[in-house]
Every structure is written in structure tokens, then in C-alpha cells.
Amino acid sequence: MTRFTDWLDQRAAAREEAGLTRRLFASDAAPGHGGPMIDLAGNDYLGLTRHPRVVAGAVAAAERHGAGAGASRLVTGTLTVHEELESALAGFTGFDAALVLSTGYHANLAAVSALADADTLIVSDAHVHASMIDACRLSRATVQVVPHNDVGAVERFLAGRTQPRAIVLVETIYSVLGDQAPVAELAAVCARHEALLVADEAHALGVCGPGGRGLLRTSGLAGQDHVVATLTLSKSLGSQGGGILSTPAVRDHLVNTARPFIYDTGLAPAAAGAALAALEVIAEEPERVERVRAVARRLAKAGGVPEADGAVLAIAMPGPREAVDAVARAADQGVRIGCFRPPSTPDGISRLRLTAHAHLGEEELDHASAVLEGVLG
Ligand SMILES: Cc1ncc(COP(=O)(O)O)c(C=O)c1O
């Protein structure tokens, strides 16, 4: 028998030894030298978390509906602000129906676990987000992981399957490497083999395609029967929560069967109100979307890496310690960059992860670029 506390100590020592210990810190309480840090790590791509209209949207919804939804959506927790947000999300992205949930994590758990079962083959890209991996485990389906962006491998497994149904899981913009999925080819393969494409637009919404309406809409795939999208309200929309975009039939199925939706209190009104306001701001100010991409191009140049497909840039480092060291040196100069180490990287390679933000001014961008060149040089 092992004492629980001994096991905790052993695990902590092993993490420390491998350079993989993580610590929480309050980011608002750790300013850089002489002022706030320049943020190249967070996911508030369009600078909307503190936008006055977005904050006002949160306040108005809380005043109208209260601090919480008060119950799960199927009991009394469906509010008009949810319906307004669902209609706005569907309209913005070109889908016929939307369903909002309390997080993007829940959105993936709900979509995959409700649409797959023991009679389903799930073909999953090797780089999908942890929430999709956990969703596969919940679904009881047979899971086949394929090499990253390998459309041929996807097709081979779909063609050779014995299960009546199949689902393909991808992210449209991958959260760690920041690259794009070949969505048009994947959707065509799914159509040929009667499979459903479930694509996570978490990092594409608000960033990719004209007006930031996502890669599925740009590729003409939004609203098609064999395509479902998941998303988060917590990145470009600056709020909190998740969503699933689909046909009305899929939405109806989710409302009736998706456990992470049914057994969870409805999305907090303030989060829904903020996301609704954020969608209005993005629609009225498409220049924010142009700006985030311009900032991403500039950072790619400074980091010596190819231009990103969205707002996420990844720079491979020799190991976790070098990554942590580069992050610390940048922080000392007032620039916060992300550090992704195993197990948060799909291929075991430690990386600096940079995110572009539309609200970075030219001076901040000049400083951030110089710091980046310095820590990498
Ligand atoms: C690709 C992807 N999907 C889903 C999520 C989960 O979204 P949320 O933070 O809203 O739970 C994230 C990150 O947070 C993500 O990067």
C-alpha cells in the first residue's frame, strides 16, 4: 500500500525533475517593470474582455436575469439572453442552429458524446484539444487517432470501417501549433463516406475568414448536414462559455441527449450578454479582425517562424527548461509569452506559444518584437 501523501510527493518530485512543474499566478497582480505586461499569451484576441460595450452587455444581462441561470436549461435555466445569443451565433457563422453551454470544454464533451456511441468510429486528428480527447473517452466509440492533417489516413479509416456511423474530429485552427486543418478536403472525404465532421472553431472564430466568421463559413461548409462546429465564447468573444453550431436536427438531438448540456446549469446570463455584445462589436468593427492578423504577421517575423493561419504562433524550443527560461527573460522585460510543455503539446516538443492581439499598439508591438528577437537570438 502507498500512502496518498507519499504518492503526491513522488509525483511532485518527478515533475520538478523534468522541468514540468506548473504554478498558478494572478496575472493582474504581476505587472512587469514599471507597468502592465504586454500580453502575447492570452486568448482575448480582439481585446474585447474589457470593451465597454461587452462589459455593459454582461451587466445588463445580469441585471435582467440575475447572477446565475438558476437551473439547467431543460428545467428553468433557458433565458431569453440564451436564445438571443444562439440566434446571433448561428447568423454570424452561417449555421442554421446554435446551442450554448457553460464552457467550450463542455461543448466538445456534449457534441462528441451525444453524436457518437458504441456503433461509431471516431477518427481523431492527433493534435485535437484535450476536451475532444476526453469526449472520445466518454462516448464509448472506437477511436482511431490519425497523424496530424493526414486526409489520406482519415479516408482510409472511414472507408475500411465496420461501424455504421463515423465522426471525424479536428480543430479548424489548432490551439498549440496554430496551423489550419484542410477543412474542405476533410468535409469532402466525410461526405463520400457518410461521416460527420466535427470541427472546433475555438481559435478561428473572430480571427479567420472575412469579418472573423470562422473557417467553416469561409469554406462554404457552414450549415451543411455533415458538418458540426464547436466553439468557445472565451477567446475572441472575450466572455466565457461554449457553443455548438449545427443543423436544427442535431441541436434537437443534443438538447435531448447530451449529458454535459442536460446535467449542467445554463450559461451564466452575464457571460451570454457579454458574448452577444461582442458579436455586435465584431460585426460593426471588422478592422479588429484585420488588425489581429497584421499583428500575427509582425510577431511571426520577429519570431522567425512562418506566418500563422490565425492568431496563434508556435516556436519550437530545445526543451522545457529552455522554454521556461525564454518566458522568464521576456517577462523580465515586460512581455508575457506562453509556454507549452508536455503533456500540453501533442508531439512532446516544448514550445513558446505567442498569441496576437488586435489591441496592441505600434509601440507595444515594437517592444514585444525586439524582446522576442532578443530571447530567441
Ligand atoms: C481548441 C479548444 N477547444 C476548446 C477549448 C475549451 O474552451 P473553454 O475554455 O471555453 O472551456 C479550448 C481552450 O480553452 C481550446 O483551445
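## The ligand and its contacts

An oxygen atom of the ligand lies 2.9 Å from an N or O atom in the side chain of K235. The side chain of T232 also offers an N or O atom, at 2.7 Å from an oxygen atom of the ligand. At G104 it is a polar backbone atom that stands 2.8 Å from a ligand oxygen. Such pairs are polar contacts, meaning N or O atoms within 3.5 Å; within protein, one atom must be able to donate a hydrogen and the other to accept it, and residues adjacent in sequence count only if both atoms are side-chain atoms. Taken alone, the ligand exposes 380 Å², and the protein buries 84% of that area. These areas come from the Shrake-Rupley method with a 1.4 Å probe; for residues, only the protein chains shown count as cover.

## Basis of the report

The model is predicted: local features need pLDDT of at least 70, and side-chain atom pairs count only at pLDDT 80 or more, while totals for chains, interfaces and linings use all residues. Residues are numbered from 1 along each chain as its sequence is written, and side-chain values use heavy atoms, with hydrogens and water left out.

## The shell around the ligand

The ligand is surrounded by 15 residues, of which G104, D200, H203, T232 and K235 come nearest. A residue is near the ligand if one of its heavy atoms lies within 4 Å of it. By class, the shell holds 2 nonpolar, 10 polar and 3 charged residues. Here Ala, Val, Leu, Ile, Met, Phe, Trp, Tyr, Cys and Pro count as nonpolar, Asp, Glu, Lys and Arg as charged, and the others, Gly among them, as polar.

Helix α5 (residues 104-115) gives the most to this shell, with 3 residues. Helices (H or I, at least four residues) and strands (E, at least two) are DSSP runs, numbered from the N terminus.

## A nonpolar patch on the surface

F4, W7 and L8 form a nonpolar patch on the surface, and together they have about 320 Å² of accessible area. A patch is made of residues with over 30% relative accessible area and no salt bridge; like charges are joined within 9 Å and nonpolar side chains (Val, Leu, Ile, Met, Phe, Trp, Tyr) within 5 Å. F4 belongs to helix α1 (residues 4-17). With a relative accessible area of 58%, F4 is exposed. The three grades used in this report are buried (under 20% relative accessible area), exposed (over 50%) and partly exposed (in between), with a 1.4 Å probe and protein chains only.

## Salt bridges

Side chains of opposite charge can pair when their charged atoms come close. A search of the whole structure finds 15 salt bridges, each a side-chain nitrogen of Lys or Arg within 4 Å of a carboxyl oxygen of Asp or Glu. E86 forms one with R251, and the closest N and O atoms are 2.8 Å apart. This pair links distant parts of the chain, since E86 is in helix α4 (residues 80-93) and R251 in helix α10 (residues 248-257), 165 residues apart. E86 is buried at 5% relative accessibility, whereas R251 is partly exposed at 24%.

R288 and E285 meet through their side chains in a salt bridge of 2.7 Å, N to O. R288 counts as buried, with a relative accessible area of 18%, and E285 as partly exposed, with 21%. E285 itself is placed in the loop between α12 (269-284) and α13 (287-303). The side chains of R351 and D347 form a salt bridge, also at 2.7 Å, N to O. R351 is buried at 7% relative accessibility, while D347 is partly exposed at 34%. In addition, salt bridges link R291, R298, E362 and D366 in a network.

## Backbone features

Most residues other than glycine have a negative phi, and most peptide bonds are trans. The peptide bond from P342 to P343, however, is cis, with omega near 5°. P343 lies in the loop between β10 (335-340) and β11 (351-355).

R140 has a positive phi, near 70°. This residue is in the loop between α6 (130-139) and β4 (142-146), and R140 is exposed, with a relative accessible area of 69%. N149 has a positive phi as well, near 55°. The place of N149 is the loop between β4 and α7 (151-159), where N149 is partly exposed at 26% relative accessibility.
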